[in-house]
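Please walk me through this structure, one region at a time. I would like to know what sits where and what touches what.

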Amino acid sequence: NVYGRTVTDEIHESKINAARRLLLNSSMNIKEVANACGFSDTVYFRRIFKKVTGFKPLSYRKQFTQMHVNTELT
């Protein structure tokens with residue numbers, strides 16, 4: 001109550017942050033990422049991912065992987 005967020009919100013954010021890392025640094029598909037982050041339902045994972053990040057998981061991967069590659073130092 002003090003922070004204006006529920007325990008569930010914090011758990012989801014933690015799981016989605018792990019999913020973000022996996023999406024950018026692995027070749028796992030969306031179902032594998034969802035399972036690795038503790039979501040047994042891929043549809044639910046996609047909904048929570050979009051709620052937290054504003055992106056669908058695949059769109060996030062495409063946009064930020066390209067951004068990461070383009071900004072990498074050589």
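**Starting from the last helix**

Begin at T65. Leaving aside neighbours within four places in sequence, T65 is in contact with L23, L24 and Y60. The place of T65 is helix α4. T65 is partly exposed, because its relative accessibility is 27%, between the 20% and 50% cut-offs. The chain also brings T65 towards N25. These two residues are 40 apart along the chain, and their C-alpha atoms are separated by 8.4 Å.

This is a predicted model, so confidence deserves a look before going further. The mean pLDDT of the protein is 89. Of its residues, 86% reach 70 or more. Confidence varies by element: α4 has the lowest mean pLDDT, at 78. The highest belongs to α2, at 98. Keep the value for α4 in mind when reading T65 and the other residues of that helix.

Now the overall layout. The protein has four helices and zero strands. Read along the sequence, the pattern is α-α-α-α. There are 74 residues, and 23% of them count as buried. Take the contacts between residues at least 6 apart in sequence: 50% of these join residues at least 24 apart.

Stay in α4 for F64. This residue lies in the helix that spans residues 57–71. F64 is partly exposed, because its relative accessible area is 22%, and buried would mean under 20%. Which residues does F64 contact, apart from its neighbours within four places in sequence? They are L24 and F55. L24 is 40 residues from F64 in sequence, yet the two are 7.2 Å apart in space, C-alpha to C-alpha.

R61 is also in helix α4. Is this arginine buried or exposed? R61 is buried, yet has no salt bridge. The nearest side chain of opposite charge is E32, and that is 7.4 Å away. A salt bridge needs nitrogen and oxygen within 4 Å, so E32 does not qualify as a partner for R61. The side chain of R61 does reach the backbone oxygen of M28, at 2.8 Å. Its surroundings are well populated by name. Not counting residues up to four places away, R61 touches L22, L23, L24, S26, S27, M28 and Q66.

Next, the nonpolar core. In soluble globular proteins, nonpolar side chains tend to be buried together. Here the largest nonpolar core has 12 residues: I16, A19, L23, I30, V33, A34, C37, F39, F45, I48, F49 and Y60. Three helices each supply at least two residues of this core: α1 (7–25), α2 (30–36) and α3 (42–53).

I30 is one of the core residues. What does I30 touch, not counting residues up to four places away in sequence? The list is L23, T42, F45, R46, P57 and L58. Two of these, L23 and F45, are named in the core as well. Y60, a contact of T65, is also a core member.

H12 leads to other core residues. This histidine is found in helix α1. H12 counts as buried, because its relative accessibility is 12%, under the 20% limit. Not counting residues up to four places away, H12 touches F39, Y44 and I48. Of these contacts, F39 and I48 are listed in the core.

Finish with charge pairing. Side chains of opposite charge can pair when their charged atoms come close. The count for this protein comes to two salt bridges. In one, the side chains of E10 and R5 meet at 2.5 Å, N to O. In the other, R5 meets E13 at 2.6 Å, N to O. R5 takes part in both, and R5, E10 and E13 are thus linked in a network of salt bridges.

How accessible are these three? R5 counts as partly exposed, because its relative accessibility is 35%. E10 is partly exposed too, with a relative accessible area of 42%. E13 is likewise partly exposed, at 32% relative accessibility. Set this network beside R61: R5 is partly exposed and salt-bridged to E10 and E13, whereas R61 is buried and has no salt bridge.

Key. Residues are numbered from 1 along each chain as its sequence is written. This is a predicted model: local features need pLDDT of at least 70, side-chain atom pairs count only at pLDDT 80 or more; totals for chains, interfaces and linings use all residues. Side-chain values use heavy atoms; hydrogens and water are left out. Buried means under 20% relative accessible area, exposed over 50%, partly exposed in between (1.4 Å probe, protein chains only). Contact means heavy atoms within 4.5 Å. A nonpolar core is a set of buried Ala, Val, Leu, Ile, Met, Phe, Trp, Tyr and Cys residues joined through side-chain atoms within 4.5 Å. Lys and Arg count as positive and Asp and Glu as negative; His and the chain ends are not counted. A polar contact is a pair of N or O atoms within 3.5 Å; within protein, one must be able to donate a hydrogen and the other to accept it, and residues adjacent in sequence count only if both atoms are side-chain atoms. pLDDT is the predictor's confidence in each residue, from 0 to 100.
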